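Below are some points on the model, set out for checking against the coordinates. They cover a charged pair, a helix end, two helix packings and one strand residue.

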Amino acid sequence: MNDQNAAPRENAAAPVGLVDLAADYRASGVAEILEELDRELIGLAPVKKRIRETAALLLVDRARQKLGLAHETPTLHMSFTGNPGVGKTTVALKMAGLLHRLGYVRKGHLVAVTRDDLVGQYIGHTAPKTREILKKAMGGVLFIDEAYYLYKPDNERDYGQEAIEILLQVMENHRDDLVVILAGYADRMDRFFASNPGFRSRIAHHIEFPDYTDEELLRIAESMLSQQEYVFDPPGREAMRDYIAARKTLPHFANARSIRNALDRARLRHANRLFEAQGGPIDAGQLSTIMDIDIRSSRVFAGGLAHERSDRA
């Protein structure tokens with residue numbers, strides 16, 4: 001029979017206080033960052049889910065710290081993989097803000113670089129370049145796009161390995177004051193990590209960015225136009241839908257980036273159409289409406305379109 005008056009076991013953990021995770025969440029400002037992600041970025045459901053999970057992890061870590069429980073600053077270095085134009089840089093900027101709100105970086109700024117910003121062209125040039133970039137990024141997030149170009153094993157005179165060694169050292173020794181995000185195509189990043197196990201061991205969060213669907217790209221196009229106070233008329237919207245389907249079959253498609261380029265060219269055609277019409281005064285509606293002819297004049301719809309020129313049509 002159990003003795004209800006028995007003393008508790010020595011190894012039983014006693015409550016040391018209470019925390020209100022919901023209140024911490026509201027006070028942190030994280031909700032604002034997540035709402036901005038939902039509002040500003042169409043699609044990317046798995047990416048947004050991972051960011052929410054990361055925010056939850058950090059909130060729980062702070063709660064454990066408040067209650068005196070064992071905790072260790074989590075490794076927050078990340079890898080973003082996906083095709084061009086899927087929002088990797090934008091999400092990195094939001095992540096910097098989120099980490100700042102939660103107190104894991106001091107400043108919350110983003111420094112975005114490529115190989116050319118880190119690697120020099122002659123002996124003694126790489127170390128100061130890399131250290132200067134790291135100095136600028138301290139207290140925030142360093143975003144290295146197309147990170148696999150840092151490593152060029154086929155070039156004996158390449159200085160990328162020097163930059164890599166400095167980065168690895170700083171990522172380990174200053175992980176409480178700097179978060180590094182490596183970004184690029186998934187297959188190339190896999191090969192990069194295989195060749196540089198030091199990076200793989202320091203990257204705790206691997207986030208894959210999916211391509212946008214046709215419907216998401218159409219919504220992105222409408223959002224981009226709306227920001228500039230333009231709209232599609234109904235035939236223009238259908239023309240854009242057809243453009244997206246055709247453009248995705250051609251080389252060098254860059255998701256939202258290609259859509260932005262297409263809209264810039266559509267606005268040029270729209271302006272030229274209005275100017276050449278010279279039909280007297282025009283109203284705000286005419287100045288703001290993209291029609292099907294503005295889209296269908298693209299060379300993307302031409303049967304003989306040269307693939308290498310596809311993103312300039």
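1. With which residue does aspartate 24 form a salt bridge? In this predicted model, the partner is lysine 66, and the closest N and O atoms of the two are 3.1 Å apart. Aspartate 24 belongs to helix H1 and lysine 66 to helix H3 (residues 45-66), so the bridge ties together parts that lie 42 residues apart in sequence. Searching the whole structure gives 19 salt bridges. Side chains of opposite charge can pair when their charged atoms come close.

2. Both ends of helix H1 deserve a look. At the N-terminal end of H1 (residues 21-28), aspartate 20 acts as a cap, with a side-chain oxygen 3.1 Å from the backbone nitrogen of alanine 22. Just after H1 comes glycine 29, whose phi is positive, at about 85 degrees.

3. Next, the packing of H11 on H12. Helix H11 (residues 234-247) packs with helix H12 (residues 256-277) at an angle of about 130 degrees, and the axes are 12 Å apart. An angle from over 115 up to 145 degrees counts as oblique, and H11 and H12 are therefore oblique to each other. Their crossing is right-handed. From H11, the residues in contact are Met240, Tyr243, Ile244 and Arg247; from H12, they are Ser258, Ile259, Ala262, Leu263 and Arg265. Sorted by class, this contact has six nonpolar, one polar and two charged residues.

4. H12 also packs with helix H10 (residues 214-227), here at an angle of about 50 degrees with the axes 10 Å apart. H10 and H12 are therefore oblique to each other as well. H10 crosses H12 in a right-handed sense. Leu217, Ile220, Ala221, Met224 and Leu225 of H10 meet Ala256, Ile259, Arg260 and Leu263 of H12. The classes in this contact are eight nonpolar, no polar and one charged. Ile259 and Leu263 of H12 are thus listed in the contact with H11 and in the contact with H10.

5. Last, threonine 289, which lies in strand E7 (residues 289-290). A polar atom of the threonine 289 side chain is 2.6 Å from the backbone oxygen of glycine 285. Leaving aside residues up to four places away in sequence, threonine 289 touches Val231, Phe232, Asp233, His270, Arg273 and Asp294. What separates threonine 289 from glutamate 72, in sequence and in space? The two are 217 residues apart in sequence and 55 Å apart in space, C-alpha to C-alpha.

Conventions. Residues numbered from 1 in each chain as written. Predicted model: local features only at pLDDT ≥ 70, side-chain atom pairs only at ≥ 80, totals over all residues. Heavy atoms only, no water. Axes fitted to C-alpha atoms, helices over the stretch in contact; angles between N-to-C directions. Helix = DSSP H or I, 4+ residues; strand = E, 2+ residues; numbered from the N terminus. Parallel < 35°, antiparallel > 145°, perpendicular 65-115°, else oblique. Left-handed = near helix turned anticlockwise from the far one by under 90°. Contact = heavy atoms within 4.5 Å. Nonpolar A, V, L, I, M, F, W, Y, C, P; charged D, E, K, R; others polar. Polar contact = N/O pair within 3.5 Å; in protein donor to acceptor, adjacent residues only side chain to side chain. Salt bridge = Lys/Arg side-chain N within 4 Å of Asp/Glu carboxyl O.
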